[in-house]
Amino acid sequence: MTGASIAAIGGGLTLLLTAATYAQQDFTWNGGGATDLWTNDANWLPGAPNFDLESGRLIFGSTGEEEQRPNNTAGQDWINIGGLVFNVTADAELTLTGLRSLSFDDGASITNDSTFLQTINNRIFGNGSDLTINAATGDLKFTLAINLRDADPEDAEDPGIALLEGASILGDILTFYQDLYANEAFLRTAQWRESVADLVRLLGYRLSPGLGGKATFAFEVKNDKPVVVPAGFPLQAQVEGLEQAADFETVEETIAYSALSKFHLYRPRLETQTIMAGLNNLEIDSVNGFSEGPIIDTIDIKAGDRMMLVPDAAMFDVSGTPYTAQKKAEILIVSEVQRILDRTIITFEGALTENRDTQVTAYRIGRSFRHFGHNAPAQLTKYNDSTKSVFQETTNFERNIWGTHTPSLSDV
């Protein structure tokens with residue numbers, strides 16, 4: 001506790017401060033010297049202590065010394081002592097004075113056993129554990145600071161540190177409320193509505209009273225049975241412009257019916273549309289020729305599945321159907337499957353690349369198998385034996401359908 005100053009201690013008070021334990025030789029002041037300097041050997045019994053080499057206990061207040069004023073001006077800047085006692089025999093006030101500081105050893109104490117006020121005009125330093133100040137009999141007056149050199153601000157058991165922390169907390173609380181109340185005394189800085197109302201009332205102005213608002217709320221009932229909403233039922237709503245939610249309550253009892261609760265509206269189905277390139281979703285119309293909802297629901301299609309859209313195969317399946325150029329098959333990856341009422345809508349990653357009719361046949365596939373030669377190069381290199389030269393021609397990827405035309409050797 002550096003710089004702690006105590007003006008007077010008395011009234012049966014024993015004060016324990018962190019600082020000093022030596023049991024050293026006693027040196028009694030008798031004031032027998034021509035001067036009152038502490039370095040005068042005649043002023044002490046058995047003689048003046050050597051403050052450079054030893055630190056004994058100094059005793060003041062023997063009979064007949066009340067006119068003496070011990071002074072430690074001469075000598076070094078500070079003196080090291082083991083304790084300070086004002087004897088019970090002292091019958092007058094004594095004053096210790098001088099420019100030197102008193103440095104107390106470990107375990108030292110300052111004690112006033114007399115009934116008179118004793119004054120110390122020297123700086124006090126503690127050097128270790130505890131410095132005991134005992135004013136149980138008479139008062140002690142310290143005019144300069146008491147410094148405890150080894151006070152540890154991290155030590156929770158240090159009473160000096162606890163005293164300083166308590167004072168700082170008290171000061172923080174007092175200044176906080178003082179600043180708060182001072183702000184409420186001025187119209188520009190006031191925050192409380194009561195403060196603003198009191199200030200403007202001095203000018204004859206009255207704030208308008210608060211008015212309750214009205215709102216219409218919709219109750220959503222999930223149960224099949226009606227629910228009674230009593231009068232005074234509390235509600236909250238976030239109103240624009242307010243930091244906190246506004247409180248409401250119902251003004252009368254009402255009944256909420258589930259049939260009138262939240263429901264979805266859907267537009268009517270459109271007429272059958274042509275499947276165009278660029279679309280990324282299709283609806284399942286039927287499964288194996290059955291268009292009933294329960295049968296469609298049995299199809300377990302999920303995101304990540306692959307779907308193959310195949311062209312019309314009537315020319316192969318129906319006898320007599322003439323040959324026409326087919327649309328190419330395409331494989332798409334499912335990104336989402338939605339079931340809305342009786343409809344199942346499949347959304348794909350990417351978009352369709354072919355225009356088709358109003359319907360297209362699709363299969364969910366696992367592994368992919370490709371015809372022989374699907375990965376042939378775009379051009380083939382050939383050798384002309386007659387010209388003895390090499391040339392390239394474009395690879396023909398068309399599939400030949402036997403029975404509808406006669407293949408040539410170039411198709412083999």
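Let's start with one term: two residues are in contact when they have heavy atoms within 4.5 Å of each other. Keep in mind that this is a predicted model.

**Exercise 1.** Find which residues Leu-84 touches, leaving out residues up to four places away in sequence.

*Solution.* Step one: skip the sequence neighbours, up to four places away. Step two: list what's left, which gives Arg-57, Leu-58, Phe-60, Leu-96, Leu-102, Phe-104, Ser-109, Ile-110, Thr-111 and Ile-120.

**Exercise 2.** Work out which members of the largest nonpolar core touch the most other members, and which strand gives the largest share.

*Solution.* Start with the core itself: 24 residues, among which Phe-60 and Leu-84 touch the most other members. Next, look at the elements giving two or more residues, including strand 6 (57-60), strand 8 (83-86) and strand 14 (130-135). Strand 14 supplies the largest share, 3 residues. Don't mix this core up with a second, separate one of 13 residues, which includes Val-287, Leu-309, Leu-332 and Val-334.

**Exercise 3.** Place strand 24 (residues 343-349) among its partners, then decide whether it is mostly covered or uncovered.

*Solution.* First partner: strand 21 (residues 281-283) pairs with strand 24 in the antiparallel sense over 3 bridges. Here Leu-282 sits opposite Ile-346. Second partner: strand 23 (residues 330-340), also antiparallel to strand 24, over 7 bridges. In this pair, Glu-336 faces Thr-347. Now check the link: strands 23 and 24 make a hairpin with 2 residues between them, and Leu-341 in the turn has a positive phi of about 55°. Last, count the buried residues, meaning those under 20% relative accessible area. Strand 24 has 5 of 7 buried, so "mostly covered" is the verdict.

Key:
Residues are numbered from 1 along each chain as its sequence is written. This is a predicted model: local features need pLDDT of at least 70, side-chain atom pairs count only at pLDDT 80 or more; totals for chains, interfaces and linings use all residues. Side-chain values use heavy atoms; hydrogens and water are left out. Buried means under 20% relative accessible area, exposed over 50%, partly exposed in between (1.4 Å probe, protein chains only). Helices (H or I, at least four residues) and strands (E, at least two) are DSSP runs, numbered from the N terminus. Two strands pair if DSSP finds at least two bridges between them. A nonpolar core is a set of buried Ala, Val, Leu, Ile, Met, Phe, Trp, Tyr and Cys residues joined through side-chain atoms within 4.5 Å.
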